[in-house]
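Here is a quick walk through one model, a few residues at a time. Have the structure open while you read.

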Amino acid sequence: MIAPPVWQLAAIAVAGTLCAITLRRQTPELSLVLAVVTAGLLLLRCASALRQLVGFLSSLADLAGLTDELLSPLVRTVGIAVLVRLAAQLCRDGGMSSAAVMLELGGVLAALAASVPLMQSVLGLLEGLL
């Protein structure tokens with residue numbers, strides 16, 4: 001797996017944070033934009049590792065005889081969790097903690113909705129055993 005070195009991710013995060021702290025005194029809006037850009041840059045640096053991880057999970061699912069309809073909800077749910085966590089923290093950094101809480105609630109509902117096909121498959125399996 002080709003993951004970016006952790007020191008590179010840490011350097012990007014620290015540099016972005018130091019710049020955001022410096023800007024926060026003069027222009028808080030620009031500081032928030034810099035935080036979003038830094039988070040996006042970090043996410044882009046991890047994209048290739050994420051693609052390889054999804055490919056690996058897909059090959060594992062093939063070996064185990066699992067269909068995409070079972071693996072897809074799991075991958076979607078993890079993606080929703082990561083995205084909501086990142087966006088909620090950005091909302092908190094921008095002083096919108098109530099929006100962050102509502103975003104997290106929406107994320108929970110979206111994750112539950114994404115996992116419905118998986119829960120239906122498990123229920124069908126249990127019905128088959130009874």
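Is Pro-28 buried, partly exposed or exposed?

## Pro-28 and Arg-25

Pro-28 comes out as partly exposed, because its relative accessible area is 45% and the partly exposed class runs between 20% and 50%. Keep in mind that this is a predicted model. As for where to look, Pro-28 belongs to helix α2, which covers residues 28-64. Pick Gly-55 as a reference point, 27 residues along the chain from Pro-28, and the two C-alpha atoms turn out to be 40 Å apart.

Now try Arg-25, which sits in helix α1 (residues 6-26). Arg-25 has a relative accessibility of 70%, so it counts as exposed, given that the exposed class starts over 50%. Using Gly-55 as the reference again, the C-alpha separation from Arg-25 is 44 Å, with the two positions 30 residues apart along the chain.

## Two serines

Ser-31 is another residue of helix α2. Its relative accessibility is just 1%, so Ser-31 is classed as buried; the limit for that is under 20%. What does Ser-31 contact once neighbours within four places in sequence are set aside? The partners are Ala-20, Leu-23 and Arg-24.

Ser-115 is a loop residue, found between α4 and α5 (116-129). It is buried too, because a relative accessible area of 14% is under the 20% limit. Skip the residues up to four places away in sequence, and Ser-115 touches Pro-73 and Thr-77.

## A salt bridge

How many salt bridges does a search of the whole structure find? The count is 1. The side chains involved are those of Glu-104 and Arg-92, with 2.9 Å from N to O. This pair ties together distant parts of the chain: Glu-104 is in helix α4 (residues 97-114) and Arg-92 is in helix α3 (residues 68-93), 12 residues apart. In general, side chains of opposite charge can pair when their charged atoms come close.

Both ends of the bridge fall in the middle accessibility class. Glu-104 is partly exposed because its relative accessibility is 31%, and Arg-92 is partly exposed at 33%.

## Cysteines without a disulfide

The disulfide count is 0. Why is Cys-19 not bonded to Cys-46? Cys-46 holds the closest cysteine sulfur to that of Cys-19, but the gap is 19 Å, so it is too far for a bond; the cut-off is 2.5 Å. From the other side, Cys-46 is in no disulfide either, with the sulfur of Cys-19 as its nearest cysteine sulfur at 19 Å.

As for accessibility, Cys-19 is partly exposed at 41%, and Cys-46 is also partly exposed, with a relative accessible area of 28%.

## The largest pocket

Rolling a probe the size of a water molecule over the atoms shows where empty space is left. Here, the largest pocket holds about 550 Å³ of space. Its lining is made up of 21 residues, and the ones nearest the centre are Leu-43, Leu-50, Val-78, Gly-79 and Val-82. Helices α2 and α3 each give at least two residues to that lining.

What sort of residues line the largest pocket? The split is 16 nonpolar, 2 polar and 3 charged.

Note on methods: Residues numbered from 1 in each chain as written. Predicted model: local features only at pLDDT ≥ 70, side-chain atom pairs only at ≥ 80, totals over all residues. Heavy atoms only, no water. Helix = DSSP H or I, 4+ residues; strand = E, 2+ residues; numbered from the N terminus. Buried < 20%, exposed > 50% of the residue type's maximum accessible area, 1.4 Å probe, protein only. Salt bridge = Lys/Arg side-chain N within 4 Å of Asp/Glu carboxyl O. 1 Å grid on protein atoms, 1.4 Å probe; cavity = no way out; pocket = protein on both sides within 12 Å on 5 of 7 lines; lining within 4 Å. Points joined across faces, edges and corners; volume = space filled by probe spheres on them. Nonpolar A, V, L, I, M, F, W, Y, C, P; charged D, E, K, R; others polar. Contact = heavy atoms within 4.5 Å.
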